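Student: I would like a close look at a single part of this protein, namely one pair of oppositely charged side chains that meet. Please start with that pair and then work outward through other contacts and empty spaces.

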Amino acid sequence: MRSENIIIITTDGLRWQEVFRGIDTAIANNKNFNEGDSVYLFKKYWSNDQSERRKKLLSFFWTTIAGKGQLYGNRSYGNKVNNANPYWFSYPGYSEIMTGYADTAINANDYPPNPHVTVLEFLNRQPKLKGRVVAFGAWNAFDRILNEQRSGIPVISAFDGIGGNNPTANQKLINKMLADSYKPWLTDECLDVFTHHGAFEELKTKKPRVLYIAYGETDEWAHSGQYRSYLDAAHQVDAWIKQIWDVVQSDPQYRDKTTLFITTDHGRGDKIKTEWTSHGSSIKDAYEMWFAVLGPDTPAEGEMKTHVQLYQKQFAQTIAKLMGYTYKAKHPVAEEIKTVIK
Ligand SMILES: [Zn+2]
């Protein structure tokens, strides 16, 4: 493997429909969802051409990743990625990503600290990676999902300050702004901008080998039926991923030695164009999801069009293999996705 570093990025509950098709006009035209401004939405994200349309929403995905990496989950081609867990909400989804296992006992967002050793904890136990693994998450549940206490991996979530006892000037300012910021989700979750810039400072100053960044706004705005904010949040995450990739490709530790693995924890509904706001086992098709990979060990095949059924539980071993390890744990671990790795 040429990958010596990996950056895992999730954006909560972003649908494959928007990833592969761009803005959904039925939702954008619905006055319950467009926040009174469909003109803005169409001006910013509409094109008659579907490949242009999705590029307007996710420009880095559909230029750089489509050119040099892989994107999975376009069900129009029978390229299917599913939750293996039967719940289709957040904690079970993130646990499935990080443990390679759909443990049906993990069935609530307030589930206690994860009993399983995640792939992040496994990587942090490897001598070469010890102390070089860190996670940033907008949602405070990541402390439990990644079992911060047992794993010893720093998990900077929600309103946690960054920079420890020695914050840089940037970190001090981020901490102040975070404390003073608008808190639409009280203390459970911060706005993505703080999670991003906290992680971005860490990337530049501490140069972790394994970095996990978990954005949350795509899910929050969808739950509140705010399609404009949902699309803008996705568009912003795409721009931040480009920012991360630009730093990666200009730094000797990272350049051509770093994989980006980007995905989500679950899908959302679609069927009657009102279910898009929601997910969970009562919402049809909310197990449908996607992922994207960009890095030196991944063949540049762009949008994957092969008929295949893949599962979220395969991500953990794929991440381990990209880093040159075989993830072993006391629980069953699903096998890696072989087409991701040269
Ligand atoms: Zn979620």
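Tutor: What follows starts from one charged pair and moves outward from there. The model is a predicted one, in which local features need pLDDT of at least 70 and side-chain atom pairs count only at pLDDT 80 or more, while totals for chains, interfaces and linings use all residues. Residues are numbered from 1 along each chain as its sequence is written, and side-chain values use heavy atoms, with hydrogens and water left out.

The pair to look at is Arg 228 and Glu 35, which form a salt bridge with their closest N and O atoms 3.4 Å apart (a side-chain nitrogen of Lys or Arg within 4 Å of a carboxyl oxygen of Asp or Glu). Arg 228 belongs to helix H13 (residues 227-248), whereas Glu 35 sits in the loop between helix H2 (25-28) and helix H3 (38-45), so the contact ties together parts that are 193 residues apart in sequence; helices (H or I, at least four residues) and strands (E, at least two) are DSSP runs numbered from the N terminus. Arg 228 is partly exposed, at a relative accessible area of 26%, and Glu 35 is partly exposed too, at 29% (buried means under 20%, exposed over 50%, partly exposed in between, with a 1.4 Å probe and protein chains only).

Each partner has a further feature that can be found in the structure. Glu 35 has a positive phi of about 55° although it is not a glycine, and Asp 285, in the loop between strand S7 (258-263) and strand S8 (288-289), likewise has a positive phi, of about 65°, without being a glycine. Arg 228, for its part, lies over the face of Tyr 40, at 5.5 Å from the ring centre (NZ of Lys or CZ of Arg within 6 Å of the centre and within 35 degrees of the ring normal). Arg 54 is placed over the face of Trp 62, at 3.5 Å from the ring centre.

Moving outward, the structure holds 17 salt bridges, among them two more that can be compared with the first pair. Glu 121 meets Arg 125 with 3.0 Å between the closest N and O atoms; Glu 121 is buried at 2% relative accessible area, while Arg 125 is partly exposed at 48%. Glu 201 and Lys 204 meet at 3.6 Å, N to O, and these two residues are 3 apart in helix H11 (residues 192-206), a separation of about one helical turn. Here Glu 201 is buried, with 8% relative accessibility, and Lys 204 is partly exposed, with 37%. In addition, Arg 15, Glu 18, Asp 24 and Asp 270 are linked in a network of salt bridges.

Aromatic rings supply another set of contacts, with a count of 22 aromatic pairs (rings of Phe, Tyr and Trp, its six-membered ring, with centres within 6.5 Å; planes under 30 degrees apart are stacked, over 60 edge-to-face, the rest tilted). In one of them, Tyr 87 and Phe 89, the centres are 6.0 Å apart and the planes stand at 45°, so the pair is tilted. For Phe 122 and Tyr 325 the centres are 6.4 Å apart and the planes at 85°, which means that the pair is edge-to-face. That pair links distant parts of the chain, with Phe 122 in helix H7 (residues 119-124) and Tyr 325 in the segment after helix H14 (315-322), 203 residues apart. Phe 122 is buried, at 11% relative accessibility. Ring pairs also link Phe 33, Tyr 227, Tyr 230 and Trp 276 into a cluster.

Finally, consider the empty space. A search of the whole structure finds 1 cavity of 30 Å³ or more, on a 1 Å grid over the protein atoms alone, where a cavity is a set of points at which a 1.4 Å probe fits but cannot get out, and lining residues have an atom within 4 Å of a point. The largest cavity has a volume of about 70 Å³, meaning the space filled by probe spheres set on grid points joined across faces, edges and corners. Its lining includes Phe 136, Ile 156, Asp 160, Leu 178 and Phe 194, and the elements giving two or more residues to this lining are strand S4 (133-137), strand S5 (155-157), helix H10 (169-180) and H11.

Conventions:
1 Å grid on protein atoms, 1.4 Å probe; cavity = no way out; pocket = protein on both sides within 12 Å on 5 of 7 lines; lining within 4 Å.
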